Amino acid sequence: MQEILLPLYPWLKAGHIIFMVFWMAGLFILPRQMIYLHPYGADSPESDVWADRMGKLRKIILTPSLIVVWVLGLALMSAIGAHTQGWFHAKLLLVLILTGYHGWMVAKAKAMLRGERPLTEKQLRLWGEVPGIMLALIVILVVVKPF
């Protein structure tokens with residue numbers, strides 16, 4: 001498998017980075033959209049507008065990007081044998097946590113669209129910082145390879 005993937009490595013890496021940027025952008029936007037939805041009731045016209053926007057974000061950007069990031073990331077891992085390196089194990093753990101965060105935020109967004117308010121605006125602002133922190137840690141692991 002390595003002999004097939006290694007020549008494609010630069011293309012796999014470029015695609016991985018591109019779709020990671022799309023995924024992170026979606027994860028940055030979703031909590032902000034949830035904050036904008038917060039003051040409106042489930043049956044308001046504004047809620048319908050935000051429901052449409054959040055649905056498009058999820059279906060067009062978030063979920064497809066997540067899938068592509070994982071597929072290309074696993075291909076990159078196979079191409080260079082990263083699964084034997086400590087930095088990769090740490091990165092994989094952070095990506096798993098970020099994937100869980102993704103699912104959790106989507107679930108909270110769907111609850112909000114039903115009229116529930118599971119998180120306060122302040123909590124949404126704080127949770128909105130998670131992707132940036134995770135991104136910084138992941139980039140450091142990949143570039144610096146501290147272990």
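Which residues have the most contacts inside the largest nonpolar core?

## The largest core

In this predicted model, the largest nonpolar core has 27 residues, and those with the most contacts inside it are Trp 23, Leu 27, Leu 30, Met 34, Met 54, Leu 98 and Leu 124. Several helices take part in building this core, since α2, α3, α4 (86–113) and α6 (130–144) each supply at least two of its residues. The largest share comes from α4, which gives eight residues.

Trp 23 can be looked at on its own as one of the residues with the most contacts inside the core. When its neighbours within four places in sequence are left aside, Trp 23 is in contact with Leu 62, Ser 65, Leu 66, Val 69, Val 95, Leu 98, Thr 99 and His 102.

## A second core

Separate from the core described above, there is a second one of six residues, and among them are Leu 12, Ala 75, Leu 76 and Ala 79.

## A nonpolar patch on the surface

Nonpolar residues are also found on the surface, where Ile 17, Ile 18, Val 21, Phe 22, Ile 60 and Ile 61 make a patch of about 510 Å². The elements that give two or more residues to this patch are α2 (9–37) and α3 (45–80), and α2 gives the most, with four residues.

Is Ile 60, one member of the patch, buried or exposed? Ile 60 has its place in helix α3, and this residue is classed as exposed because its relative accessible area is 58%, while the cut-off for exposed is over 50%.

Methods:
Residues numbered from 1 in each chain as written. Predicted model: local features only at pLDDT ≥ 70, side-chain atom pairs only at ≥ 80, totals over all residues. Heavy atoms only, no water. Patch = residues over 30% accessible without salt bridge, like charges linked within 9 Å, V, L, I, M, F, W, Y side chains within 5 Å. Areas by Shrake-Rupley, 256 points an atom, 1.4 Å probe, with all protein chains shown as cover. Salt bridge = Lys/Arg side-chain N within 4 Å of Asp/Glu carboxyl O. Buried < 20%, exposed > 50% of the residue type's maximum accessible area, 1.4 Å probe, protein only. Core = buried A, V, L, I, M, F, W, Y, C linked by side-chain atoms within 4.5 Å. Contact = heavy atoms within 4.5 Å.
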